[in-house]
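Trainee: Could you take a close look at one part of this model with me? I'd like to see how two helices sit against each other.

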Amino acid sequence: MEQLVERIKRDGKVRPGGILKVDSFLNHRIDPALMYAMACETARLFEGCGINKVLTVEASGIAFAVMVGYVTDCPVVFAKKSRSANISDSVFSAPVHSYTHGNDNNIIVSREYLSPEDRVLLVDDFLAMGEALRGLRSLASQAGATVVGAAVAVEKAFQPGGASLRAEGLRVEALARIASMTDDSIEFCE
């Protein structure tokens, strides 16, 4: 998606360790017009798939997922990284390793929010190693739901997540695909 690619070129910053900082417009301070355009493109890409639920993981994927839910007229469920007092004991859970944060989380969703009747679109802001999407796919699978695919804002195509998920049969659509990054440049896939 050219609009997102141009915004990354203009405002994205590469940090040590292969971290792309886009928090000035995507996942800390959010540009609603850009997010809406991204959601419209995602809806176009998955048109006709019968999506009736959007699933993401807290926290930085929520804004994109909510906008996708708005455009597709689907409820959005987000997997929590910790159990709070208002979550019942009846949950689906999956382990997820975060390379960005260097920790492991057990993500959870209340069983009442996913069911075998659901046709789920997984949504996240970044795809690098693929662990978050694997965890979300596991939650949907535990519920007996059908995963129609995954939409990500930015894929680091130089890391193995996207290729391995596609090899596993998951349809993955990325709005911007990065071929390589250095401290002073970002190269995008054609």
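**A close look at two packed helices**

Mentor: Sure, and keep in mind that this is a predicted model. Let's start with a bit of background. When two helices pack, we describe them by the angle between their axes and the distance between those axes. Now find helix α3, residues 32-45, and helix α4, residues 62-72. Their axes are 8 Å apart, and the packing angle is about 60 degrees. That angle is why we call α3 oblique to α4. As for handedness, α3 and α4 make a right-handed crossing.

So who's touching whom? On the α3 side you'll find Pro32, Met35, Tyr36, Met38, Ala39, Cys40, Thr42 and Ala43. Facing them from α4 are Ala63, Phe64, Met67, Val68, Tyr70, Val71 and Thr72. Sort the residues of this contact by type and you get 13 nonpolar, 2 polar and no charged.

While you're looking at helices, swing over to α1, residues 2-11. Its buried residues are Leu4, Val5, Arg7, Ile8 and Asp11. They span an arc of only 165 degrees around the axis, so they sit on the same side of α1. Here's the general idea behind that: an α-helix has 3.6 residues a turn, so residues three or four places apart point the same way. Glu2 and Arg10, on the other side of α1, are exposed.

For a strand, try serine 110 in β6, which runs over residues 103-110. Serine 110 has 8% relative accessibility, so it counts as buried. Leaving out residues up to four places away in sequence, serine 110 touches Ile87, Ser90, Val91 and Phe92.

Terms used. Residues are numbered from 1 along each chain as its sequence is written. This is a predicted model: local features need pLDDT of at least 70, side-chain atom pairs count only at pLDDT 80 or more; totals for chains, interfaces and linings use all residues. Side-chain values use heavy atoms; hydrogens and water are left out. Axes are lines fitted to C-alpha atoms, for helices over the stretch in contact, and angles run from 0 to 180 degrees between N-to-C directions. Helices (H or I, at least four residues) and strands (E, at least two) are DSSP runs, numbered from the N terminus. Angles under 35 degrees count as roughly parallel, over 145 as roughly antiparallel, 65 to 115 as roughly perpendicular and the rest as oblique. A crossing is left-handed if the near helix is turned anticlockwise from the far one by less than a right angle, and right-handed if clockwise. Contact means heavy atoms within 4.5 Å. Ala, Val, Leu, Ile, Met, Phe, Trp, Tyr, Cys and Pro count as nonpolar, Asp, Glu, Lys and Arg as charged, and the others, Gly among them, as polar. Buried means under 20% relative accessible area, exposed over 50%, partly exposed in between (1.4 Å probe, protein chains only). The arc is that of the directions from the helix axis to the C-beta atoms.
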